[in-house]
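Trainee: I've got this model open and I'd like a close look at one part of it. Could you walk me through it in plain words?

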Amino acid sequence: MSEDRFSGWQRYRLVVLVGVLVGLVVYAYGGALLAKVRYQPQEGDVLFQSLPNPPGLDLVDAIEGASGSPYSHCGVVVEKEGEWYVLEGMVPVVQETPLSKWIGRGRGKFTVYRLKSELRVRIGAWIAEMREEMGKAYDFRYRMEDDAIYCSELPFDGWKRLTGEEMGKVVELGELNWEPYRAVIAEIEGTDELPLQRKMITPKNLARSEQLEFVLANGLKRE
């Protein structure tokens with residue numbers, strides 16, 4: 001009888017353990033799975049997310065804090081061989097990442113914007129412009145130059161080359177809330193002389209561009 005009670009206790013512990021493991025999986029990936037159900041991708045969609053920020057990635061804090069936005073990364077949805085990808089300026093280079101992997105990176109939380117209806121005829125040409133940057137290194141210094149590319153610069157530059165128009169408001173570093181992140185910026189620049197006149201397009205300002213319209217907020221607020 002004691003053996004029956006013991007085996008019953010072991011079964012109970014096993015059920016509890018399995019329940020905990022399932023709970024952890026749902027916590028870690030449930031947002032991404034739910035997002036797949038809610039979000040119906042279209043080519044040219046611009047997705048924004050808050051990157052995970054483990055110790056040593058203070059750049060994420062600086063991007064979000066200086067711009068006053070949860071958006072620290074963005075990319076553009078593209079279709080390739082019947083599958084969905086996100087074309088992004090990401091470490092180490094401009095690349096196309098499977099949409100499911102991209103969503104999972106941000107713990108399932110992201111916000112979707114889309115070109116306004118009258119502009120969608122340009123999506124193919126816009127994506128072609130962005131794909132010209134494939135393989136270029138990620139720009140940790142957020143310079144608007146052609147030798148390296150950061151996330152929001154990729155769609156901005158592609159649209160400007162295609163149309164001559166700016167997608168979003170370009171700002172200078174000195175206009176942002178840069179002071180709390182002085183040490184991070186100085187470390188990236190390799191000098192205490194900060195480039196406060198450096199022009200940049202932040203993910204926040206890209207999302208607010210007149211060419212885009214809000215579609216869906218999945219865990220992150222709209223700008």
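Which residue follows H2, and is its phi positive or negative? After that, please take me slowly through H4 and what it packs against.

Mentor: Sure. This is a predicted model, where local features need pLDDT of at least 70 and side-chain atom pairs count only at pLDDT 80 or more, while totals for chains, interfaces and linings use all residues. Residues are numbered from 1 along each chain as its sequence is written, and side-chain values use heavy atoms, with hydrogens and water left out.

Your quick one: Gly68 comes right after H2, and its phi is positive, near 65°. H2 itself spans residues 58–67 and is mostly covered, with eight of its 10 residues buried (buried means under 20% relative accessible area, exposed over 50%, partly exposed in between, with a 1.4 Å probe and protein chains only). Among the buried ones are Leu59, Val60 and Ile63. They pack against strand E6, helix H6 and helix H7. The labels come from DSSP runs numbered from the N terminus: helices are H or I of at least four residues, strands are E of at least two.

Now for H4, residues 123–131. Its buried residues are Ile123, Trp126, Ile127 and Met130. Looking down the axis of H4, these fall within an arc of 95°, so they line one face of the helix (the arc is that of the directions from the helix axis to the C-beta atoms). That set packs against strands E1, E2, E3 and E5, and against helix H5.

Take the helix partner, H5 (153–163). H4 and H5 pack at an angle of about 120°, with their axes 8 Å apart; axes here are lines fitted to C-alpha atoms, for helices over the stretch in contact, and angles run from 0 to 180 degrees between N-to-C directions. That makes H4 oblique to H5 (under 35 degrees is roughly parallel, over 145 roughly antiparallel, 65 to 115 roughly perpendicular, and the rest oblique). The contact involves Ala125, Trp126, Glu129 and Met130 of H4, and on the H5 side residues including Leu154, Gly158 and Trp159 (contact means heavy atoms within 4.5 Å).

Then there's the sheet. Six strands form an open sheet in the order E4-E3-E2-E1-E5-E10, with antiparallel pairing; two strands pair if DSSP finds at least two bridges between them. E4 and E10 (212–218) are the edge strands, each pairing on one side only. From one strand to the next, the twist averages 30°. H4 lies across E1, E2, E3, E4 and E5, running at about 115° to E2. H5 packs on the sheet too, touching E2, E3, E4 and E5, and its direction makes about 90° with that of E3.

At the E4 edge, five bridges join E3 to E4 (residues 94–98), and the two run antiparallel. They form a hairpin with four residues between them. Glu88 has Gln95 of E4 as its bridge partner, and Gly89 stands opposite Val94.

Last stop is Leu99, in helix H3 (residues 99–105). At 9% relative accessibility, Leu99 counts as buried. Leaving aside neighbours within four places in sequence, Leu99 is in contact with Tyr39, Pro41, Leu47, Trp84, Tyr85 and Val86. Leu87 is 12 residues away along the chain, and the C-alpha atoms of Leu99 and Leu87 are separated by 9.3 Å.
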